[in-house]
Amino acid sequence: MGATAQAAEWSDTALSWRAGNDYREPFNPDDIKKNIFAITHASGYKYGSNFVNLDFLMSDSKDPGALGKTSGAQEAYLVYRNTIDIGKVRGSDIKFGPVRGVGVTLGFDVNTKNDVGYNSRKRMLVAGPTLMWDVPGFFNTSLLLLRESNAPSGAFPPISQVTGRYTYKTHAMLTGAWGIPLSPLFSFEGFFNLIDSKGNDEVGRKTAVETNIDMQVMFDVGAALGSAKNTFRVGLEYQYWKNKFGNSPATTGNVGQTAKTPMIRAEYHF
């Protein structure tokens with residue numbers, strides 16, 4: 001993505017799968033196995049770039065989809081970001097020190113999940129400045145304001161007593177994404193989100209600062225076998241997620257709010 005981000009027009013679409021056995025959910029004491037299928041699209045246009053990712057997350061029975069059922073929960077999570085490069089808009093690059101570009105990022109997150117405890121229906125708008133750093137590949141950081149709401153409908157109180165859609169306090173997120181080549185066949189990629197407290201949640205509990213770091217080392221299998229570069233890749237991924245969704249040890253009884261999840265990952269780009 002980053003290597004072609006300065007071209008007038010470029011596009012990359014991928015289908016991917018990742019899986020692990022140590023996912024966690026707040027208030028749930030169990031390790032959860034999940035298979036996650038995704039479609040990702042990144043593209044550039046005259047004044048900037050677009051990024052879209054849709055995850056389909058499928059849990060095992062440790063994260064049940066309904067009361068009395070052994071089948072696991074299912075979730076769809078959509079992310080969209082549009083970064084406008086200010087230098088491209090004005091016709092002159094903005095560069096200083098280690099920064100090779102300055103932009104503005106706008107976008108949204110939407111999810112739906114059918115689990116027993118919460119049944120998330122997240123809606124979130126994001127906006128803020130972005131710095132594009134002068135590194136091999138790409139490394140972008142943004143400071144975004146988040147306007148988030150949810151309309152949960154879990155089976156147990158106090159969530160079962162929530163009616164209507166609840167909007168959290170507008171809060172900030174420091175976020176970054178990178179793709180750094182390590183060699184012709186290996187790359188180091190990922191993202192981080194450091195999210196401020198969003199005030200009280202829908203049942204009056206104080207939310208906590210949230211940290212989500214997801215990173216992977218990918219091997220270009222296709223290129224190693226003599227096929228086109230960056231077509232089929234496999235790798236190892238690791239996610240560290242503290243105070244997931246703003247839940248703290250104080251509100252969960254120190255149950256399920258932090259995940260440390262190794263994964264395997266495979267991608268096909270076209």
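This short presentation covers a surface patch, a run of paired strands and three backbone features of the structure above.

Good morning, colleagues. Please bear in mind throughout that we are looking at a predicted model.

Let me begin at the surface. Five residues, L15, I39, F232, Y268 and F270, make a nonpolar surface patch of about 490 Å². I should like to take I39 as our point of entry, since this residue leads us from the patch into the strands. How exposed is I39? Its relative accessibility is 37%, and I39 therefore counts as partly exposed, because that category lies between 20% and 50%. I39 has its place in strand β2, which covers residues 32-45.

From β2 we may move to its partner. Strand β3, residues 48-59, pairs with β2 in the antiparallel sense, and 12 bridges are found between the two. To fix the register on your screens, look for N35, which stands opposite M58 in β3. The connection is a hairpin: 2 residues lie between β2 and β3.

The next pairing involves β3 again. Here the partner is strand β4, residues 74-85, and the sense is once more antiparallel, with 11 bridges. A useful reference pair is G48, which stands opposite I84 in β4. Strand β3 thus has pairings with β2 and with β4.

I turn now to the backbone, and to the loops. Where does the chain contain a cis peptide bond? The bond from P157 to P158 is cis, and its omega is near 5 degrees. P158 is found in the loop that runs between β7 (138-150) and β8 (166-167).

Two asparagines also deserve our attention. The first one I shall take is N230, whose phi is near 60 degrees, a positive value in a residue other than glycine. N230 lies in the loop between α2 (221-224) and β12 (232-242). With a relative accessible area of 40%, N230 is partly exposed.

The other asparagine is N254. Its phi, too, is positive and near 60 degrees, again in a residue other than glycine. N254 is found in the loop between α3 (249-252) and β13 (259-269). Is N254 buried or exposed? Its relative accessibility is 54%, and because the exposed class begins over 50%, N254 counts as exposed.

To close, let me return to the patch, where I39 is joined by L15, F232, Y268 and F270. I39 itself sits in β2, the strand that forms a hairpin with β3. Thank you for your attention.

Technical notes
Residues are numbered from 1 along each chain as its sequence is written. This is a predicted model: local features need pLDDT of at least 70, side-chain atom pairs count only at pLDDT 80 or more; totals for chains, interfaces and linings use all residues. Side-chain values use heavy atoms; hydrogens and water are left out. Patches are made of residues with over 30% relative accessible area and no salt bridge: like charges are joined within 9 Å, nonpolar side chains (Val, Leu, Ile, Met, Phe, Trp, Tyr) within 5 Å. Accessible areas come from the Shrake-Rupley method with a 1.4 Å probe; for residues, only the protein chains shown count as cover. A salt bridge is a side-chain nitrogen of Lys or Arg within 4 Å of a carboxyl oxygen of Asp or Glu. Helices (H or I, at least four residues) and strands (E, at least two) are DSSP runs, numbered from the N terminus. Buried means under 20% relative accessible area, exposed over 50%, partly exposed in between (1.4 Å probe, protein chains only). Two strands pair if DSSP finds at least two bridges between them.
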